[in-house]
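Visitor: I would like to learn how to read a structure one residue at a time. Where should I begin?

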Amino acid sequence: MEAGGLDSSGRQFSSAREMWREEIGAGEGEDNAAADNGKRREWYRKGIAYWQGVDASMDGVLGGYGCVNEADVKGSEAFLKTLFLERFGNAKRHLVALDCGSGIGRVTKNLLLRYFNEVDLVEPVSHFLEAARENLAPGMDVQEETHRAANFYCVPLQEFTPEDGRYDVIWIQWCIGQLPDDDFISFFKRAKVGLKPNGFFVVKENTARGGFVLDKDDQSITRSDSYFKELFNQCGLHIYSTKDQKGLPKELFPVKMYALVTDKAKGGSIGKIRRKNYCPAIIQ
Ligand code: SAH
């Protein structure tokens, strides 16, 4: 990724490579052992420490913008519905989703559990995951027998490998910026095996206008659309469709949804399936 970027204090980097070399000691030509140093551990330690200090609430996981939950869920639902029809057709199937960096289970509760029979959650911050367990405990919901939060994994994405072929959808929202590029790529490469046939990833993230913005508070990076595209390509993933989230406050980063598939979606057909085009992070 050649475009330059900024950190939250306004410091400029001429390229992402320069920034990663500084932040985690990773760079082209260096082997993994060199990149797997104390700097990388420090990067992740700071990120987790930040989230450990945040309230297990809607405002907490949405950086003070709990108010965007409704618009966010509506936008996700419209995106997901189209994908369901196109990728799964009308066939009845037992649907399973994985909510990555789930926080307190906001996406699972408000969206995924309404569509999937089982949802697993991965979240490294234990007080968030405990809150998710409580928020998702079986209650009076009529659907509870057939729609349930199944597994709660308290691990970061860079250490997580999903079970083979378990998921119809792997949902990644407002958390992938915690992973440096090399861990981002290896996560998706591992996670592909977790998808069922015709399964797909949804990545819903803040996007920088160009290059990247490094946030030194929560130790995360906001990537531009072209930065994401380059990484997805390196993961061997194809963009099936994308959509911009509408209705968020102006001061927030624009949010984009990407549906990613492992099969070749370009050219308008995947077997019998026709392709149609169709958070807030808190900004700096
Ligand atoms: N996706 C949720 C939570 C967003 S807040 C939602 O949309 O409501 C960002 C989340 O990423 C926090 O729960 C934080 O603990 C989690 N996170 C931080 N570092 C992570 C990592 N390395 N792997 C996975 N999740 C991480």
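Visitor: Which helix does Ser 126 lie in?

Guide: A helix here is a DSSP run of H or I with at least four residues, a strand is a run of E with at least two, and both are numbered from the N terminus. Ser 126 lies in helix α7, which covers residues 126-135. Residue numbers start from 1 along each chain as its sequence is written. Keep in mind that this is a predicted model: local features need pLDDT of at least 70, side-chain atom pairs count only at pLDDT 80 or more, totals for chains, interfaces and linings use all residues, and side-chain values use heavy atoms, leaving out hydrogens and water.

Visitor: Why is Ser 126 called partly exposed?

Guide: Buried means under 20% relative accessible area, exposed means over 50%, and partly exposed lies in between, with a 1.4 Å probe and protein chains only. Ser 126 is partly exposed because its relative accessible area is 43%.

Visitor: How far is the C-alpha atom of Ser 126 from that of Gly 103?

Guide: Compare the separation along the chain with the distance in space. Ser 126 and Gly 103 are 23 residues apart along the chain, and their C-alpha atoms are separated by 9.1 Å. Helix α7 is followed by a loop that leads to β5 (148-153), and Leu 136 lies in this loop. Leu 136 and Thr 108 are 28 residues apart along the chain, with 8.3 Å between their C-alpha atoms.

Visitor: Is Leu 136 buried or exposed?

Guide: Leu 136 counts as buried because its relative accessibility is 10%. Ala 26 counts as buried too, since its value is 11%. The place of Ala 26 is the loop between α1 (16-24) and α2 (32-35). From the C-alpha of Ala 26 to that of Lys 39 the distance is 9.2 Å, while the sequence separation is 13 residues.

Visitor: What is the phi of Trp 174?

Guide: Read the sign of phi together with the residue type. The phi of Trp 174 is near 50°, which is positive in a residue other than glycine. Trp 174 is placed in the loop between β6 (167-173) and α8 (181-191). Trp 174 counts as buried because its relative accessibility is 16%. Gln 219 also has a positive phi, about 55°, although it is not a glycine. Gln 219 is in the loop between β8 (212-215) and β9 (220-223), and it counts as buried because its relative accessibility is 2%.

Visitor: Which side chain makes a polar contact with the side chain of Trp 174?

Guide: A polar contact is a pair of N or O atoms within 3.5 Å; within protein, one must be able to donate a hydrogen and the other to accept it, and residues adjacent in sequence count only if both atoms are side-chain atoms. The partner is the side chain of Asn 206, at 2.9 Å. Asn 206 lies in strand β7, residues 195-206. Asn 206 is buried, since its relative accessible area is 4%.

Visitor: Which residues are closest to the ligand?

Guide: A residue is near a molecule if one of its heavy atoms lies within 4 Å of it. For this ligand, 20 residues surround it, and the closest are Gly 101, Arg 106, Glu 123, Gln 158 and Gln 173. Arg 106 is in helix α6 and counts as buried because its relative accessibility is 6%. Arg 106 and Met 58 are 48 residues apart in sequence, yet 7.3 Å apart from C-alpha to C-alpha.

Visitor: Which atoms of the ligand should I look at?

Guide: One oxygen atom of the ligand is 2.7 Å from an N or O atom in the side chain of Arg 106. A nitrogen atom of the ligand lies 3.0 Å from an N or O atom in the side chain of Gln 158. A ligand nitrogen atom is also 2.8 Å from a polar backbone atom of Gln 173. On its own, the ligand has 570 Å² of accessible area (Shrake-Rupley method, 1.4 Å probe; for residues, only the protein chains shown count as cover), and the protein covers 99% of that area. Two elements, α3 (38-52) and α6 (106-115), give two or more residues each to the shell around the ligand.

Visitor: How many helices and strands does the protein chain have?

Guide: Totals come last. The protein chain has nine helices and 13 strands. It has 284 residues, of which 53% count as buried. It exposes about 13,100 Å², and carbon and sulfur atoms supply 50% of this area.
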